[in-house]
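User: I'm new to this structure and would like a close look at a single part. Could you take me through chain B, and then show me what surrounds it?

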Amino acid sequence: MSAEYGRIPEPFRARYCPLVDDEEAFLSSLGRRLPKSFRVNTLKSSPAAVAERFLVYGIGITPVPWYDDAFVCDNPDAGFSLEHFTGAIYMQELVSMLPPLLIRDILPDARMVLDGCAAPGSKTTQLAALMGNRGTLIANDVSYSRIRALKFNLEKAGALNTVITNRDLCAFTNMQFDAVLLDAPCSAEGTIRKNWEVFDTWSAREVQKYARIQKQLIVKAFDLLAPGGSMVYSTCTFAPEENEAVVDELLKMRPDARLEPITFPGLKASGTVAAWDGVKFSPEVSKAVRIWPHHNDTGGFFLAKVKK
Amino acid sequence: MRRKGSSETISPQDISGKILGYLEERFGLHPDLFKDYRMYLASKGRIYLGPRSAPDMPKIATIGLLIARVNGSVKPSTNLLQVMGRHVTKNDVELTKEQALIFAKGQDVKLSPAQLIPLRDGYILMRYQTFPMGCGLLQLGNVKNQLPKAKRLDLRFI
């Protein structure tokens with residue numbers, strides 16, 4: 001049992017232990033270091049070419065069953081490789097690679113795609129790669145200070161189809177997108193394995209604050225979707241207020257919104273929470289998925305795919 | 001001699017032609033490589049290569065990728081040479097492992113006489129094997145490193 005195990009706040013345990021299949025495995029996973037992983041940037045290289053180079057370096061990498069471009073690499077020096085220098089790989093947490101994959105079938109032919117909360121650009125660079133640098137990808141972020149990192153990462157990745165905007169998504173110009181990614185700002189409980197400071201500011205009040213913002217964002221993001229378009233809503237947190245309740249709110253506010261089932265062959269995804277705080281969610285919400293940290297040795301995540 | 005900071009008043013179409021001409025003449029980059037994109041002229045002579053259709057909307061921070069600065073002459077960016085480097089057919093130099101490590105750190109690289117033979121003074125592409133690393137400025141046999149500070153790295157695996 002790790003030293004941090006005892007530092008998990010009691011209210012946190014009380015909230016989430018009843019939601020998981022294996023309380024002990026869940027809590028102990030939170031104290032374990034997260035394995036490092038990277039994604040091959042297909043704008044600059046290929047998984048086979050990178051794998052060959054890492055073999056020569058003597059750095060062990062493991063393929064990821066649900067994504068050909070991803071590798072687990074438990075050598076922190078991977079960031080000092082020629083591949084990282086040239087932007088051929090992008091150090092990225094595995095679960096953070098999931099949202100763009102939900103719309104990967106439409107991305108090669110998409111004309112307009114929006115990443116609503118883009119900085120620092122992990123998922124944006126992935127979207128650009130999946131679009132093959134074609135079409136137009138609008139990478140928006142409300143925070144001016146984070147735009148610089150977003151720009152740096154997009155340029156390093158060799159993204160040519162991007163437009164970076166610095167706006168509050170809720171006040172975004174009325175446009176129509178073929179696909180929208182809303183990886184919403186959240187209380188980030190699922191990133192505890194790489195950042196224990198999450199617990200320093202964690203509180204139920206904090207969760208409520210984010211939930212209010214997310215409910216506004218998801219409705220606006222849906223309104224920006226062209227008929228027939230697809231949207232991904234994702235967070236890296238466990239709180240049902242920020243996940244199921246947000247999607248439930250969208251379904252109430254926009255009757256033309258419907259969810260699509262999600263499967264990732266080779267990745268264990270779990271069902272959603274059916275009710276929380278006495279509120280029962282629409283059965284449609286159950287098409288979304290949760291990724292618990294102890295199931296795939298990753299961070300925690302929530303994903304919903306919405307169609308218009 | 002042109003004073004630093006001054007720039008010509010020039011239309012986006014003219015700029016595009018000037019950049020494409022330079023890239024083809026200097027590096028052998030065929031204009032067709034750029035046909036799916038559009039060039040955008042920003043302040044201080046900065047040229048971005050971005051999507052053909054960019055929405056007309058407020059609060060745009062950047063469109064596409066910074067490919068060059070024009071201040072009388074054209075200065076290609078490291079990002080451009082990393083993206084298009086594999087199509088470059090001239091004024092590129094293949095570095096030894098030692099030279100590549102020095103270049104990645106941001107230091108000036110000393111080229112051998114044999115490496116210098118096919119190169120003309122001006123901006124050159126620095127390559128390691130097939131991997132385009134970035135931009136150098138060749139002047140009278142010396143190469144000045146053009147790698148932006150944020151990109152410099154002490155490589156351990158090459």
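Analyst: Here is a walk through chain B, followed by the partner chain. Keep in mind that this is a predicted model, so everything below is computed from it.

Let's start with the overall build. Chain B contains 4 helices and 9 strands. If you follow the sequence from start to end, the elements come in the pattern α-β-β-β-β-β-α-β-α-α-β-β-β. The C-alpha atoms of chain B fit a box of roughly 45 × 35 × 30 Å along the principal axes. Is that in line with a compact globule or at odds with it? For 158 residues, a compact globule would have a radius of gyration near 15 Å, and chain B comes out at 16 Å, which agrees. Of the 158 residues in chain B, 33% are buried. As for contacts in chain B between residues at least 6 apart in sequence, 54% of them join residues at least 24 apart.

Now split the chain up. Chain B has two domains assigned: domain 1 covers 12-78 and domain 2 covers 86-151. Their centres, taken over C-alpha atoms, are 22 Å apart. Where they meet, 9 residues of domain 1 of chain B are in contact with 14 residues of domain 2 of chain B. On the domain 1 side, α1 (12-27) and β5 (73-76) of chain B each give at least two residues. By class, that side of domain 1 is made of 4 nonpolar, 3 polar and 2 charged residues.

Next, the neighbour. Chain A touches chain B with 27 of its residues, which are in contact with 31 residues of chain B. The elements of chain A that give two or more residues to this side are α4 (82-86), α7 (144-157) and β7 (162-165). Sorted by class, chain A's side has 12 nonpolar, 10 polar and 5 charged residues. One spot here is worth finding on screen: β7(A) and strand β3 (residues 60-63) of chain B run antiparallel and are joined by 3 bridges. Within that pairing, A:Ile164 stands opposite B:Thr62 in β3(B).

With the chains placed side by side, here is a little more of chain A. An open sheet of 4 strands in chain A has the order β2-β3-β1-β4, with antiparallel pairing. At its edges stand β2 (62-64) and β4 (89-91) of chain A, each with a single partner strand, so one side of each has no neighbour in the sheet. From one strand to the next, the twist averages 35°. The partner of β2(A) is β3 (residues 67-72) of chain A, joined to it by 3 bridges and running antiparallel. There, A:Thr62 stands opposite A:Val72 in β3(A).

Elsewhere in chain A, helix α10 (residues 244-253) has the buried residues A:Glu244, A:Val246, A:Val247, A:Asp248 and A:Leu250. The buried residues of α10(A) pack against α9 (204-223), β9 (225-235), β11 (275-276) and β14 (301-307) of chain A.

Last stop: A:Glu189, in the loop between β8 (177-183) and α8 (198-201) of chain A. Is A:Glu189 buried or exposed? A:Glu189 has 24 other C-beta atoms within 10 Å, so it is buried. Setting aside neighbours within four places in sequence, the contacts of A:Glu189 include A:Trp202, A:Phe238 and A:Gly300.

Definitions and conventions
Residues numbered from 1 in each chain as written. Chains lettered and ligands numbered in written order. Predicted model: local features only at pLDDT ≥ 70, side-chain atom pairs only at ≥ 80, totals over all residues. Domains from an automatic or database assignment. Contact = placed C-beta atoms within 7 Å. Nonpolar A, V, L, I, M, F, W, Y, C, P; charged D, E, K, R; others polar. Pairing = 2+ DSSP bridges. Axes fitted to C-alpha atoms, helices over the stretch in contact; angles between N-to-C directions. Buried ≥ 20, exposed ≤ 12 C-beta atoms within 10 Å, placed from the backbone. Rg over C-alpha atoms; globule rule 2.2 N^0.38 Å.
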